[in-house]
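This note is intended for a first-year student who is learning to read a protein model. Please keep the sequence and the structure in view while working through the numbered points.

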Amino acid sequence: MSRLPQLIAFDLDYTLWDLWIDTHVTAPLRRDNDTINQVLDRYDQDIRFYRDVPQILHRLRDAGVEVAACSRTTAPTLANQALRLLLVRPTNEGEEPIPAVEFFDQLEIYPGSKISHFKQLHEKTGIPYTEMLFFDDEHRNAEVEKLGVTFHLVPEGLHASAFEEGLLTWRQRNGATS
C-alpha cells in the first residue's frame, strides 16, 4: 500500500457537505434519534456528508492519519454543532453510530485565510507542511501551497475518485509513489 500523508485536512462547505453552513442553515440544529448522516436545521434544511465521505473518514482513522477540518466560515458554532450531531455508520454491524467530530483530530473552524489555519495546524501538531494534503472546493484556497501543503481542488465536493486523485498528487510531489 502506498504511503499516506501524516495529515489530511478538509474544508467543510461544498467539500464535505453541499451547503454553506453560515448562509443556508438556521439554528437550532437537531438530529432525529440515531439517524445516520442527517442533521436538520430550524426549517428542516438537510445537512449531510457527501456519499463517500464516511468511508474516507473511516479509512483515514484506521490508517492513523491525523484528520483536520479547516473552514473559514463565519458560523463556527453551527459548523462544530453539525459535526457533533452528524452520525457516521460504524464499520462493524452492531456497533453504535459514531459522531462525525470523533473522526477529526484538529478543528480549525473560524473566518480568515486558510494560511492561518495551516500555520495553526503545523504549530499544534509539529507535522511538516509537506506531509499535509488539503481538499477544498474553492481555488483561492490553493494559497496554502505557498507553505508546502499539497492542495487538491474538489469543485463537485469530496468523492472517492477525487480523494484518490489528491493522494496521487501528494505522492507524486513528495516522492511517495511506491
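Is E131 buried or exposed? The points below begin with that residue and then move to other parts of this predicted model.

1. E131 is found in the loop that runs between α4 and β8. Its relative accessible area is 10%. Because buried means under 20% relative accessible area, E131 counts as buried. The side chain of E131 has a partner, since a polar contact of 2.8 Å joins it to the side chain of R3. Apart from residues up to four places away in sequence, E131 touches R3, L4, P5, Q6, L7 and W170.

2. D52 offers another acidic side chain to examine, in the loop between β3 and α2. With a relative accessible area of 7%, D52 is buried. A polar atom of the D52 side chain lies 2.7 Å from the backbone nitrogen of A160. When neighbours within four places in sequence are set aside, D52 is in contact with H159 and A160.

3. The next topic is helix α2, residues 53–63. Which of its residues are buried? They are V53, P54, I56, L57, H58 and L60. The buried residues of α2 pack against β1, β4 (66–71), β5 (87–88), β6 and α5. After α2 comes G64, whose phi is positive, near 75 degrees.

4. The packing of α2 with helix α5 (residues 160–173) may be described in more detail. The axes of the two helices are 10 Å apart, at an angle of about 40 degrees. The crossing of α2 and α5 is right-handed. On the α2 side the contact is made by I56, R59 and L60, and on the α5 side by A160, F163, E164 and L167. Of the residues in this contact, five are nonpolar, two are charged and none is polar. A general point helps in reading such a list: an α-helix has 3.6 residues a turn, so residues three or four places apart point the same way.

5. Helix α3 spans residues 76–85, and its buried residues are L78, A79, N80, A82 and L83. The elements that cover these buried residues include α1, β2 (39–40), β3, β6 (98–99) and β7 (106–109).

6. How many aromatic pairs does the model contain? The count is six. One of them is formed by W17 and F49, which are stacked, with 6.1 Å from centre to centre and 10 degrees between the planes. This pair links distant parts of the chain: W17 is in the loop between β1 (7–10) and α1 (21–24), while F49 is in the loop between β3 (46–47) and α2, 32 residues apart. W17 has 0% relative accessibility and counts as buried. F49 is buried as well, at a relative accessible area of 3%.

7. Why is the pair of F118 and F134 called edge-to-face? The ring centres of F118 and F134 are 4.9 Å apart and the planes stand at 65 degrees, so the pair is classed as edge-to-face. F118 belongs to helix α4 (residues 114–125) and F134 to strand β8 (residues 132–136), so the pair ties together parts that are 16 residues apart in sequence. Both F118 and F134 are buried. In addition, F10, F135 and F163 form one aromatic cluster.

8. Some backbone features deserve checking. As background, most residues other than glycine have a negative phi, and most peptide bonds are trans. Y14, which is not a glycine, has a positive phi of about 60 degrees. Y14 lies in the loop between β1 and α1 and, at 25% relative accessibility, counts as partly exposed. N37 also has a positive phi, near 55 degrees. N37 is placed in the loop between α1 and β2 and is buried, with a relative accessible area of 12%. The peptide bond from A27 to P28 is cis, with omega near 0 degrees, and P28 is in the loop between α1 and β2.

9. Finally, is E156 buried or exposed? At 61% relative accessibility, E156 counts as exposed. E156 lies in the loop between β9 (150–153) and α5. The C-alpha atoms of E156 and D137 are separated by 7.1 Å, although these residues are 19 residues apart along the chain.

Definitions and conventions: Residues are numbered from 1 along each chain as its sequence is written. This is a predicted model: local features need pLDDT of at least 70, side-chain atom pairs count only at pLDDT 80 or more; totals for chains, interfaces and linings use all residues. Side-chain values use heavy atoms; hydrogens and water are left out. Rings of Phe, Tyr and Trp (its six-membered ring) pair if their centres lie within 6.5 Å; planes under 30 degrees apart count as stacked, over 60 as edge-to-face and the rest as tilted. Helices (H or I, at least four residues) and strands (E, at least two) are DSSP runs, numbered from the N terminus. Buried means under 20% relative accessible area, exposed over 50%, partly exposed in between (1.4 Å probe, protein chains only). A polar contact is a pair of N or O atoms within 3.5 Å; within protein, one must be able to donate a hydrogen and the other to accept it, and residues adjacent in sequence count only if both atoms are side-chain atoms. Contact means heavy atoms within 4.5 Å. Axes are lines fitted to C-alpha atoms, for helices over the stretch in contact, and angles run from 0 to 180 degrees between N-to-C directions. A crossing is left-handed if the near helix is turned anticlockwise from the far one by less than a right angle, and right-handed if clockwise. Ala, Val, Leu, Ile, Met, Phe, Trp, Tyr, Cys and Pro count as nonpolar, Asp, Glu, Lys and Arg as charged, and the others, Gly among them, as polar.
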